[in-house]
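Reader: Could you zoom in on a single part of this one for me and walk through it contact by contact? I'd like to see the atoms, then how that part sits in the whole.

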There are 2 protein chains.
Amino acid sequence: MDIGTPAPRRRMRADARRNYERLLAEAAAAFAEHGADFSLEEIARRARVANGTLYGHFPTRRALLEALLGDRMRALAATGEELLPHPSPFDGLAAWARAAMAHTTIYRGLGAALMQAVEDETSELHTACKAVLAAGEGLVARARAAGEVRPDVTAPDLYALVNAAAWAGEQSSIPQGERLLTFGLDGFRTSATTRG
Amino acid sequence: MDIGTPAPRRRMRADARRNYERLLAEAAAAFAEHGADFSLEEIARRARVANGTLYGHFPTRRALLEALLGDRMRALAATGEELLPHPSPFDGLAAWARAAMAHTTIYRGLGAALMQAVEDETSELHTACKAVLAAGEGLVARARAAGEVRPDVTAPDLYALVNAAAWAGEQSSIPQGERLLTFGLDGFRTSATTRG
DNA sequence: ACCTGAACACCGTTCAAGT
DNA sequence: ACCTGAACACCGTTCAAGT
């Protein structure tokens with residue numbers, strides 16, 4: 001499903017709304033091309049807006065990321081709930097993990113932001129991260145109950161695996177992210193407990 | 001084994017040598033406390049040296065890291081070779097992976113530097129990273145030959161797992177690094193291939 | 001209600017001038 | 001042979017002054 005440009009929550013003056021949307025558009029393009037750590041000052045310049053205007057709309061980089069990704073993250077959480085009744089609890093979990101990693105890789109450096117935001121209640125991204133974590137929790141709990149995943153696997157394990165794999169993929173010229181995710185998910189499986 | 005302060009490779013003038021060592025000492029302390037991305041300018045200030053002097057001795061941040069960690073990384077590679085005749089190839093590999101992660105976590109942010117350096121031949125850290133990778137390759141090859149690890153597991157997989165786990169641990173308030181490493185290593189195991 | 005742009009306190013890196 | 005410190009081109013963030 002296409003999500004489109006997010007809309008500001010409240011009524012805004014016409015010029016404010018235009019600036020808001022130009023900032024979002026330039027940020028989306030710049031983050032996609034150069035990563036989530038791209039210069040905010042340069043984004044303001046590209047949007048033909050004073051740097052102070054950017055901070056007026058988005059007091060932190062996290063606020064900007066939330067405006068860009070909040071809906072997408074809630075959609076990811078919803079996908080997790082849709083996968084709950086999957087015939088194979090492990091396969092449902094694995095499919096969602098791959099979708100989550102695909103989400104994390106839209107901006108380079110995003111994994112770090114998502115890892116920090118889930119533990120930082122003051123982060124504008126925190127609520128969205130919590131929703132994603134909760135979706136993971138549902139899938140993990142069901143796979144655990146079905147005995148398809150080790151009893152000690154937690155939702156934070158899944159969350160960390162997805163972000164760490166995305167991170168590894170960014171650092172590598174080969175598809176290291178997908179490989180790590182596969183190995184990690186298989187490490188979650190009950191059969192992996194059987195040691196020599 | 002203690003490694004101590006690395007020595008410059010060539011004869012130096014007395015004042016140069018003093019500056020070199022002060023820079024190394026301040027960098028080691030600052031990196032340990034604030035991570036491998038700590039300001040080089042501030043390190044020069046703490047060493048009571050002009051910023052240009054730092055660049056004279058260490059043209060890049062990577063050169064500074066190499067001077068600090070090169071010997072330690074070669075020692076890690078040697079440990080890998082010592083573990084080659086381990087009675088259980090998998091356990092030997094796992095023990096070395098844990099040692100490697102312990103090495104990576106001495107400075108926050110080091111994992112990213114090590115991931116990039118192993119693919120960047122122009123990096124001053126490249127040779128040391130290659131030595132570590134080669135040690136991993138030996139352990140992986142033996143575990144693979146013994147059938148204790150999946151046939152498709154590679155040395156870069158192990159290298160990436162260690163660094164990604166170290167990275168995840170840095171972002172988290174719980175020991176997420178150790179957990180991810182355990183899951184990933186178990187995902188390497190042959191038994192994990194047995195799927196439903 | 002919102003925008004502007006200067007101000008402040010930082011970076012990394014280079015390089016002419018010194019000793 | 002090495003050191004110095006200014007110079008350059010950047011950052012993120014704040015805030016008084018405008019409209």
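Author: One bit of bookkeeping before the tour: UniProt positions are given here in the numbering used for this model, feature names are shortened, and an annotation may be inferred rather than shown by experiment. Also keep in mind that this is a predicted model.

With that in hand, the part I'd pick is the surface facing the DNA. For chain A, an unreviewed UniProt entry lists residues 17-76 as "domain: HTH tetR-type". In the model, that span is 80% helix and 0% strand, and its end C-alpha atoms lie 27 Å apart. The unreviewed entry also lists residues 39-58 of chain A as "DNA-binding region". Residues 39-58 of chain A come out as 70% helix and 0% strand, with 14 Å between the end C-alpha atoms.

Now for what the atoms do, starting with DNA strand C. There are 18 residues around DNA strand C, and the ones that come nearest are Arg13(A), Asn19(A), Thr53(A), Asn51(B) and Tyr55(B). So which elements build this surface? At least two residues each come from helix 1 (14-34) and helix 3 (51-57) of chain A, and from helix 2 (40-46) and helix 3 (51-57) of chain B. Helix 3 of chain A gives the most, with four residues. By residue type, the surface near DNA strand C splits into five nonpolar, eight polar and five charged.

Looking from the DNA side, 60% of the atoms of strand C within 4 Å of the protein belong to sugar or phosphate, and the rest belong to bases. Both kinds turn up in the individual polar pairs. On the base side, an N or O atom in the side chain of Asn51(A) is 3.1 Å from a base nitrogen of DNA strand C. Gly52(A) uses its backbone instead: a polar backbone atom there is 3.5 Å from a base oxygen of DNA strand C. On the phosphate side, the side chain of Ser39(B) has an N or O atom 3.2 Å from a phosphate oxygen of DNA strand C.

Flip over to DNA strand D. Here 19 residues surround the strand, and Asn51(A), Tyr55(A), Arg13(B), Asn19(B) and Thr53(B) come nearest. Asn51(A) also has a partner on this strand: one of its polar side-chain atoms lies 2.9 Å from a base oxygen of DNA strand D. From chain B, a polar side-chain atom of Arg13(B) lies 2.9 Å from a base nitrogen of DNA strand D. Tyr55(A) takes the backbone of the DNA, with a side-chain N or O atom 3.0 Å from a phosphate oxygen of DNA strand D. The elements giving two or more residues to the surface near DNA strand D are helix 2 (40-46) and helix 3 of chain A, together with helix 1 (14-34) and helix 3 of chain B. Helix 3 of chain B gives the most there, with four residues. The residues near DNA strand D divide into six nonpolar, eight polar and five charged. Of the strand D atoms within 4 Å of the protein, 61% are sugar or phosphate and the rest are base atoms.

If the chain letters seem to swap as you go from strand to strand, look at how the copies are arranged. Chain A can be laid on chain B by a turn of 180° and a shift of 0.0 Å along the axis, with an RMSD of 0.0 Å. The two copies are therefore related as by a two-fold rotation axis. Both copies use the same surface: 100% of the contact residues of chain A recur in chain B.

Stepping back to the whole chain, chain A has nine helices and zero strands. Its C-alpha atoms fill a box of roughly 65 × 35 × 30 Å along the principal axes. Of its 196 residues, 49% count as buried. Among chain A contacts between residues at least 6 apart in sequence, 67% join residues at least 24 apart.

For one residue from the interior, take Leu158(B), in helix 8 (residues 155-171) of chain B. It counts as buried because its relative accessibility is 2%, and the cut-off is under 20%. Leaving out residues up to four places away in sequence, Leu158(B) touches Leu93(B), Trp96(B), Ala97(B), Gly136(B), Val140(B), Leu185(B) and Phe188(B).

Notes
Residues numbered from 1 in each chain as written. Chains lettered and ligands numbered in written order. Heavy atoms only, no water. Near = heavy atom within 4 Å. Polar contact = N/O pair within 3.5 Å; in protein donor to acceptor, adjacent residues only side chain to side chain. Nonpolar A, V, L, I, M, F, W, Y, C, P; charged D, E, K, R; others polar. Least-squares fit on C-alpha atoms with pLDDT ≥ 70 in both. Contact = heavy atoms within 4.5 Å. Buried < 20%, exposed > 50% of the residue type's maximum accessible area, 1.4 Å probe, protein only.
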